[in-house]
Amino acid sequence: FHTAHLVFDYSLRLIELQNFYPKLREICTEMLALSIDQYKNAVDKDIKKAALMNAAFFSVMLKINDSSFEPIPEIASIVSGEINSITSASKYLPRALRPDTTNESNVPEYLCEDYSQYRPRGHYTRRNELKKYFKMAMWAGRYTFYIKPGDTESAKTDGRFLTLQALLMMDAVINNKTTYEKWKELDKFLTFIIGETDDLSFSDYEEPFIAEFGKSANVDRFA
């Protein structure tokens, strides 16, 4: 059993370095450009803000990958805040990337994060590329786009905004064939190697999304 575990660990390491990591970088780069396009093309102020927060979401991963990466000025402070927390990897803190940053004294738990989870472990400590991939994947997997994070009015408002972010991400992928195919390929490999996710994913929402909203370049239809 120990030998089988070592073989699997070695195989996973190679797949992550040669396939998952470069594919994740490519998808993040494309999604950042698509999110910025949505931000520029949107008229509705909430959609513009959600698209901008999505740009920050992907910029965080690109900054993890390359410290010389410079996000657009509108989101530079948010990205910097997240990178500082991820780098420290030691505290439970409010996210810098969240729907409402005006209230710093009473941030709800669902908008906080345990940044100690970003400390690489296992075979991810072996190489710098694996450390970067680990943090990027951890960020992508732990950021939750809640539909209804709570029963208070502020929680419902946050839920609507987070859902709008998710809708814009889906719209970007569905309307871009290159990104769509890369995401599908990465998802297929991850499912084969690691197994099905417990959470609802892009695949679960794809068909009802298209049935409800169709395919269109007009992001203001989500307003």
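Q: Which helix gives the most residues to the lining of the largest pocket?
A: This is a predicted model, in which local features need pLDDT of at least 70 and side-chain atom pairs count only at pLDDT 80 or more, while totals for chains, interfaces and linings use all residues. Residues are numbered from 1 along each chain as its sequence is written, and side-chain values use heavy atoms, with hydrogens and water left out. The largest pocket (an open set of points on a 1 Å grid over the protein atoms alone, where a 1.4 Å probe fits, with protein on both sides within 12 Å along at least five of seven lines; lining residues have an atom within 4 Å of a point) draws most on α7, which supplies eight lining residues. Helices here are DSSP runs of H or I, at least four residues, numbered from the N terminus.

Q: Which residues lie nearest the centre of this pocket?
A: Among the 48 lining residues, Ala140, Gly141, Leu200, Ser201 and Phe202 are nearest the centre, and at least two lining residues come from each of α1, α2, α4, α5, α6 and α7.

Q: Which members of the largest nonpolar core touch the most others?
A: A core joins buried (under 20% relative accessible area, 1.4 Å probe, protein chains only) Ala, Val, Leu, Ile, Met, Phe, Trp, Tyr and Cys residues through side-chain atoms within 4.5 Å. In the largest, with 59 residues, they are Met31, Phe57, Phe58, Leu97, Trp139 and Leu168. The largest share, 13 residues, belongs to α2.

Q: What does Met31 touch, leaving out residues up to four places away in sequence?
A: With contact meaning heavy atoms within 4.5 Å, Met31 meets Phe58, Met169, Ala172, Val173 and Thr179. A second, separate core has five residues, including Val107, Tyr110, Cys112 and Ala155.

Definitions and conventions
Buried means under 20% relative accessible area, exposed over 50%, partly exposed in between (1.4 Å probe, protein chains only).
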